[in-house]
Amino acid sequence: MANLNAPDIVLQPVSVTRKMSASLPRLRDLAQSKGLKIHHLGAGYPHPEVTDPRGFLEHQAAYFAHLEAAEGLNDPAAVPEYLRESFSYTDTLGPVSTRQTFAAVYGRDWGTEIDPQKLIPTVGATGGINLMCSLAERPGKPVAYITDAPTYAGFTARVGLCQHATIFSVEMDDEGALPDVMRAQIRAARDAGYFVPFYYTVPDGHNPAGFSFSQARREALLEVAVDEGILIVEDAPYVYISFADASDRPRPFFAMAPAQTVHLFTGSKIGFPGPRVGFLYSEAELAIAGGETVALAELALTEASSDVLFQNPASLRGFEALLHEPADSGFKPIASMWQLAEGKLAVYRENRQILLEVLEEELGQYPQHFRWTTPAAGFFSVFTFLDDGVCTDDAFIENLVADHGVVAIPMYDFYPRDARERDAQAGLDQLRLSFCFSESTGEARRRDLREAVKAFCAAARDVAGVGG
Ligand SMILES: Cc1ncc(COP(=O)(O)O)c(C=O)c1O
């Protein structure tokens, strides 16, 4: 065994979701030894019913054959260009055809023009978060990120990798982050000597907060960002996992103010998580050292070229296939990504409805004891116990599995450290319930989810001591 003396290396804290999945087999055994069925309301993964890749693989093969035919090669031994490119070292920007197709359809969907030259491929939204943090941390000065309390665990985890980075968080009400608190936090961070590059948020289908920011709140937050001169990093995995009517959908920040925003698109929810397709898009210009002004996309491109070098070109080409109609429609580009979303939404809409219906049926008569969010997008609802003395800590979660077979995620770990310092009880009355995942499909999925929510409601009544 290598014996490396590395006193400066510290153990990273383990996220509660990771701890949960590590302890799940033991808890599952315990629950099963009591004859309990395990109910999933914890996992935040896309549902297996809408992520079967086989149909996609057929479509991709047909699209690639179409590309090959379009090249019109006469020599049967010649390698088609799309195939050569898919398996070669390529430009950090990735295949131009993928970016052009995506820019046209995504821009049309959100009523804005997207410049394909400013689309930087990333390894999912995770890669986009990493890229933005790396850019901000590169100068080596103390850096403070503004984000919501609670916020996405992947963001907190990434910030935790840098010893000179910290979080100044902003509490939320049911419309979004509080603009005055955001302004105060930016100023407090600056007064404490930090460089404040951006505010990170998930305005649509917030993970973990289980709601979407209102249009008015987006505008107010944008005003603060403009006044204070910071960017908004908009993580957007759930923009298409939307349950709102088209006329009620709020606008993403990048459509409102592309020069103030860094938009992180991911193919993980609208397509598949495995191929790790994502794009960072921004029209921001930054004043940098030496009095120069440079496009953020340019900086991100340089950063990406020394980090991932280039994103998997075959994955990007596969994503391009997804953006084209099937053979019988002549492989023309799809008119809108809402077409793709519909294929996913059928399941998520139904699941969301089951969750909300059963919660209402079983707990609606106890508004003084329980509250939950009604998500307009995304995978989650946040459930709050209103009784004093309920503490949704790790022991609570263990008991929920051991005594009721219900897996849910506690919220406290999603609150950044400063939020927990302001309020030691932050999130300790809340759980994140996810309605996106179950092991079963079709009618069994509906039945399992209904049973899971009923089991959860029985546990909640038990905890609050209501309903006999
Ligand atoms: C808010 C948020 N950001 C990022 C991710 C990770 O996305 P990706 O697979 O694109 O890296 C998730 C996944 O659950 C998420 O909820």
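This is a short chat about reading a few features of a predicted model.

Me: Let's start with helices. How do I describe the way two of them pack, say H4 and H11?

Reply: Two packed helices are described by the angle between their axes and the distance between the axes. Here, H4 (residues 96-110) and H11 (residues 313-322) meet at an angle of about 35 degrees, and their axes are 9 Å apart. The crossing of H4 past H11 is left-handed.

Me: Which residues make that contact?

Reply: From H4 you have Ser97, Thr98, Thr101 and Phe102, while H11 brings Leu316, Arg317, Phe319 and Glu320. Sorted by class, the residues of this contact are 3 nonpolar, 3 polar and 2 charged.

Me: Okay, on to the ligand. Which residues come nearest to it?

Reply: A residue counts as near if one of its heavy atoms lies within 4 Å of the ligand. By that cut-off there are 13 residues around the ligand, and Ala125, Thr126, Asp235, Thr266 and Ser268 come nearest. The shell is made up of 5 nonpolar, 5 polar and 3 charged residues.

Me: Which helix gives the largest share of that shell?

Reply: That's H5 (residues 124-137), with 3 residues.

Me: And what polar partners do the ligand's oxygen atoms have?

Reply: For this you look for pairs of N or O atoms within 3.5 Å. A polar backbone atom of alanine 125 sits 2.7 Å from a ligand oxygen. With serine 268, the side chain supplies the N or O atom, again at 2.7 Å from an oxygen of the ligand. Arginine 276 also uses a side-chain N or O atom, 2.8 Å from a ligand oxygen. As for cover, the ligand on its own has 400 Å² of accessible area, and the protein covers 90% of it.

Me: Back to arginine 276. What stands out in its backbone?

Reply: Check the sign of phi. Arginine 276 has a positive phi, about 55 degrees, although it isn't a glycine. Look for this arginine in the loop between strand E8 (261-266) and strand E9 (277-281). So one residue gives you two things to inspect: the backbone angle of arginine 276 and its side-chain contact with the ligand.

Me: Last one, peptide bonds. Where should I look for cis ones?

Reply: Go by omega. The bond from alanine 149 to proline 150 is cis, with omega near 5 degrees. Proline 150 belongs to the loop between strand E3 (143-149) and helix H6 (153-159). Another cis bond joins asparagine 207 and proline 208, where omega is about 20 degrees. You'll find proline 208 in the loop between strand E6 (198-201) and helix H8 (215-228).

Technical notes:
Residues are numbered from 1 along each chain as its sequence is written. This is a predicted model: local features need pLDDT of at least 70, side-chain atom pairs count only at pLDDT 80 or more; totals for chains, interfaces and linings use all residues. Side-chain values use heavy atoms; hydrogens and water are left out. Axes are lines fitted to C-alpha atoms, for helices over the stretch in contact, and angles run from 0 to 180 degrees between N-to-C directions. Helices (H or I, at least four residues) and strands (E, at least two) are DSSP runs, numbered from the N terminus. A crossing is left-handed if the near helix is turned anticlockwise from the far one by less than a right angle, and right-handed if clockwise. Contact means heavy atoms within 4.5 Å. Ala, Val, Leu, Ile, Met, Phe, Trp, Tyr, Cys and Pro count as nonpolar, Asp, Glu, Lys and Arg as charged, and the others, Gly among them, as polar. A polar contact is a pair of N or O atoms within 3.5 Å; within protein, one must be able to donate a hydrogen and the other to accept it, and residues adjacent in sequence count only if both atoms are side-chain atoms. Accessible areas come from the Shrake-Rupley method with a 1.4 Å probe; for residues, only the protein chains shown count as cover.
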